[in-house]
Amino acid sequence: MLDNDIKQPILWTKALTKQVNTGDKQLTILQDIDLQVNAGEAVAIIGASGSGKSTLLGLLAGLDLPTSGKVHLDAIDIFTLDEDSRAALRGKILGFVFQSFQLLPALTAIENVMLPLELSAAGNAETTARRLLERVGLSMRLHHYPKQLSGGEQQRVAIARAFATDPKLLLADEPTGNLDSATGIQIIELMFELNREHGTTLVLVTHDEVLSRRCSRQIRLADGKLVQ
Amino acid sequence: MLHRDWRAGELNVLVFALVIAVSGMATVGFFADRVELALSRESNQLLGADLLVISSKPLPEHYADEASRLGLSVSSLTKFPSMISNGENNLLTEIKAVTEGYPLRGRVHLASRSAETPEIQVVARIPQPGTIWVDDKVMTRLELRGGDLVDVGDIQLTVTELVVREPDHSVGFINMGARAMINAADLPDTGLIQEGSRVSYQLLVAGEIKAVQQFRDWVKPQLTKAQRIEGIRDARPEIKAALERSEKFLSLAALASVVLAAAAIALAVRRFTQRHLDGCAVMRSLGASQKQLFYLYLYYFIVLGVIASSIGCLIGFAAQEILTHWLTGIVDTELPWPNWLPALQGLLVGLVLLLGFALPPVLNLRSVPALRVLRRDIGLSNAHSIAGYLLGLVALSLLFIWKAQDLKLGLYIVIGFVSAIAIFGCLGWILIRVLSSLRHQAGGAWRYGLASISRRAVSSVLQAVALGLGLMALLVLTLIQDDLIDDWHTSLPPDAPNHFLVNIQPDQLQPLEEFFQQYGTEHPPVFPMVRGRLVKINGKDVSPENYADDPHAERHIRREFNLSWATQQALDNQVVQGKWWDADSSEAVMSIEDGIAKTIGVKLGDELTYDIAGSPFSAKITSVRKVDWDSFRVNFFVVVPPGLLDNYPVSYITSFYVAPTEIAMMHELVRTFPNILVVDVAIVINQVQQMIHQVSQAIEFVFVFTVLAGFSVLYAAIASTQDERIYEAAIFRALGARREQLSRAWAAEFAILGALAGLFASAGASVLGYVIGKHVLHLDYTFNPWIWLIGTSIGVVGVLVAGMLGTRSALSSPPLLTLRKIG
């Protein structure tokens, strides 16, 4: 990775606002969020439960539409794209790790990892998936279904899947939220290791202060606004 | 909880399936009921009443009194043969003396001859005292004109009307000569009714079906030997067959909608249980006992069932009202008001289906491990839900037998469906296992389709079986419907014989042939006929008294049988026992019709002796035939090889089609061959053809509703996996899948599911169609190899299209919302 890349913002938002209608009144979840994430950075978005962290992450990934404002991902204004083009963009440059793993129950571990590769029509999907699962320590579990795996193992599969397409940006939403603390620590270690190995930019959403300090920068969110 | 679930839209699928199912069933039920009533009423026009009490002696007055007391319309008539004369001309005529109110069903059609063009008039009156209405034959043979006087017994009556059609124009050959109608008030003055006269006294009764039945039940035990009752089914075998088949078909259509309903509910309840797992786990963890949960859900489902079924019944009633209004343009008869039984049935069926199919799996919710609160992936074992369906199947079987109102039909269907479920289930399981082992070789979309199917193996099998059963029910109905309608049309084509010539003498065969040639008409085949009275069975004397218990058999013994000879058996006859004779056989053998053999109690190998004009004739039964009486072709109870009856007096009989425009030829024929009895069954044939046409249409309409019920199954099947799909879509989309990629994966899945269901349905329909067609409706079932292609295509296309339409919303719901909801 070239040095001048590091200076480039891979992700920036402008006045990002999200409101929802709850019957008679409008609820503002996010208000005028301006942030910038440079390539190679590891940024933690922290905040209490209900502060709008996950909504922000979803908007950054283009999984949801804002009420107003912009998100530029890899220099592309994603909300000028249609849903299909956004999906294609996600497939190309984003990786996800979710709190509740979000593996497809119909697919085995290796198939889950192969899924994003096959969706983007990458070659050698199986070899890549096998290698990644070996890397996360699941070489013996390739053909198990999510149901047959423990929570920690499922999250390892999810991490392997997140790195399968070699994304530029990894978005992680409370990746340890559903795990016990010992397993959580292992998962975090694994995630940061892979992040380093792949030179990926990381945006991590968490309410865990300790975890957030492992990132190079912290952004705090309270009542839908950035507080620092 | 019900209210909350309803608001949250949790019950949509279940309620929708139930409402559609019950309304479909109620529509079919109400409508079939009304059509049935209309058809039997229509066919009763052939009888002039709903029920006749016929006697050779005057009928006791309390019969009519009881009928009136039951609220029935009553009329009576006296029928007897007598000479009518106009100067030198005499004619043996069947005279009918009628009372006010005749006929109770149908109308008398008159033609006024005064005008240049005869005008048909439909009247609701009877001849005035002092007048006589005659038919065409009397007019022609007695060379009458309106206003002429004719001698009837001791009095003279004025000819005022020409009757072209009267309702009770029966087909019995004896009754088919010239006919005349007089007012019963003139009857005593004619002096024609004396001790020993051959008179038929008839009491006509009509009204509400229930009251008619009550009257029938009341009068039956009181009948003397001289009396008998006759409804349309007793009188007209071809109508009886058509009515019974259409009734069976309509009840099959109703049954098919029950199957479809069951399938829809079984599928819908899956989603319900999935959605309530969490709630139950929470309640359990908060200390709710299993018993508390049991009562909670029992109550919940009873309330749900009653509400949804009631809505279904209302919709069903409204739908059939619309259908009826629409149909009245096509069906001539006014459809009678339906009775309320179908509503009750709908309600009951809805509850039984819901409780049978939905309650067991839902009750399993009470055994949800409270641990699910902590680990969402802990669910219920599939063994639970499979056991749950068993109760549903038992409930369904009972419903079948009850709805079919025919133990045999019900059992056939139950056995058919249970074996189909078992076979489809096993086959589906194996196929899915095999397919999923192949999925690693398959490319992108197919791999994900197969993966989804095999991951949900149990529910995929359930879906394929449910869809397969639904489709099977539809295919079976289609197959049978086509066969049924074809069968009617072929047995009664537009040019079915509508005239019979009876009593053709051997020396008239040649002149008759020349007569036909002169009119450029093909000479119809003639059949020899010898009349004889049955006197001995296996050498033992037979007399009507031997059959005192069975008035039907007694009448046959009392009357003369028509015997005929033939080298080959008629095309519409089928030997069911024994063997037809060789062409050169000269043994004293005979072939007897199945029904008459049963009636008089004879079997293969028995020797029957007839008295033919004073000489005995004996022959042994070597074959028993089934005769298609629907066909209106000439048929005989007893047929012997040629040569045996050469020394007995013979006359000939023939039947042929005369177009309405060729009626002049018939007048000429009557004049040329005065001794030949011309029997005109055109009216009857027209009526039967019209009825068949109406039944066919009713069946097609009812079928449309069954198809609609089929859609509810599809909807339920698609909706039952909706949650999983929304979730799947969210992940796919988050991972960068385009809509098209996701659609392709789902399309593959639906196509595989549809193909499985289609294969099951085709296989099942072929077998079940054969069994029902052959053994229940007694049709010549024709195996249709296209059914495999059609069934599979419908399965694939139907599930694919419905699936893609049904998952459109899942495809477009924002992924974040879903992931957060589930996360």
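**Stop 1: the largest nonpolar core**

Start in chain B of this predicted model. Select B:A21, B:A264, B:I265 and B:M472. Among the 186 residues of the largest nonpolar core, these four touch the most other members. Now colour helix α8 of chain B, residues 237-285. This helix supplies the largest share of the core, 21 residues.

Zoom in on B:A21. Which residues does B:A21 touch, leaving aside those up to four places away in sequence? Along the chain, its contacts include B:S257, B:L260, B:A261, B:A264 and B:I265. B:G312, B:G350 and B:L353 also touch B:A21, as do B:A709 and B:S712.

Apart from the largest core lies another one, of 44 residues. To find this second core, select B:I95, B:I132, B:V134 and B:V205, which are among its members.

**Stop 2: chain B as a whole**

Zoom out and show chain B as a cartoon. Its secondary structure comes to 24 helices and 22 strands. Of its 823 residues, 44% are buried. Take the contacts in chain B with a separation of 6 or more: 85% of them join residues 24 or more positions apart.

**Stop 3: a cis peptide bond**

Stay in chain B and select B:Y102 and B:P103. The peptide bond from B:Y102 to B:P103 is cis, with omega near -10 degrees. Where is B:P103? It lies in the loop between β3 (89-98) and β4 (108-112) of chain B.

**Stop 4: an enclosed strand in chain A**

Move to chain A and select strand β3, residues 42-46. Is β3(A) buried or exposed? Five of its five residues are buried, so the strand is largely enclosed by the rest of the structure. Show the side chains. In a regular strand they alternate between the two faces of the sheet. Here A:A42, A:A44 and A:I46 point one way. A:V43 and A:I45 point the other way.

Next, add strand β8 of chain A, residues 201-206. β3(A) and β8(A) pair in the parallel sense over five bridges. Within β8(A), A:L202 is the bridge partner of A:A42. Then add β9(A), residues 217-222. Four bridges join β3(A) to β9(A), and these two strands also run parallel. The partner of A:A44 in β9(A) is A:Q218.

**Stop 5: strands β6 and β7 of chain A**

Select strand β6 of chain A, residues 94-97. A:L94 and A:F96 point one way, A:G95 and A:V97 the other, and all are buried. Add strand β7, residues 169-173. Four bridges join β6(A) to β7(A), and the two run parallel. Look for A:V97, which stands opposite A:A172 in β7(A).

**Stop 6: a helix with two sides**

Select helix α7 of chain A, residues 181-198. At 1.5 Å a residue, its 18 residues should span 26 Å; the end C-alpha atoms are 25 Å apart, which agrees.

Which residues of α7(A) are buried? They are A:I187, A:I188, A:M191, A:L194 and A:N195. These residues cover an arc of only 135 degrees around the axis, which puts them on the same side of α7(A). What covers them includes β3, β6, α6 (151-164), β7, β8 and α8 (209-212) of chain A. Turn to the other side of α7(A), where A:A182, A:E189, A:R196 and A:E197 are exposed. Just after the helix, A:G199 takes a positive phi of about 60 degrees.

**Stop 7: an antiparallel sheet**

Select strands β1, β2, β4 and β5 of chain A. They form an open sheet with the order β2-β1-β4-β5 and antiparallel pairing. The edges are β2 (25-38) and β5 of chain A; each has a single partner strand, so one side of each is left without a neighbour in the sheet. Follow β1(A), residues 9-22, alongside β2(A): 10 bridges join them. A:L11 stands opposite A:V37 in β2(A).

**Stop 8: two aspartates with positive phi**

Select A:D74, in the loop between β4 (68-73) and β5 (76-77) of chain A. A:D74 is not a glycine, yet its phi is positive, about 50 degrees. It is partly exposed, with 16 other C-beta atoms within 10 Å.

Finish at A:D223, in the loop between β9 (217-222) and β10 (225-226) of chain A. This residue is not a glycine either, and has a positive phi of about 45 degrees. With 14 C-beta neighbours inside 10 Å, A:D223 counts as partly exposed.

How values were computed:
Residues numbered from 1 in each chain as written. Chains lettered and ligands numbered in written order. Predicted model: local features only at pLDDT ≥ 70, side-chain atom pairs only at ≥ 80, totals over all residues. Core = buried A, V, L, I, M, F, W, Y, C linked by C-beta atoms within 7 Å. Buried ≥ 20, exposed ≤ 12 C-beta atoms within 10 Å, placed from the backbone. Contact = placed C-beta atoms within 7 Å. Pairing = 2+ DSSP bridges. Expected span 1.5 Å × (residues − 1). Arc of directions from axis to C-beta.
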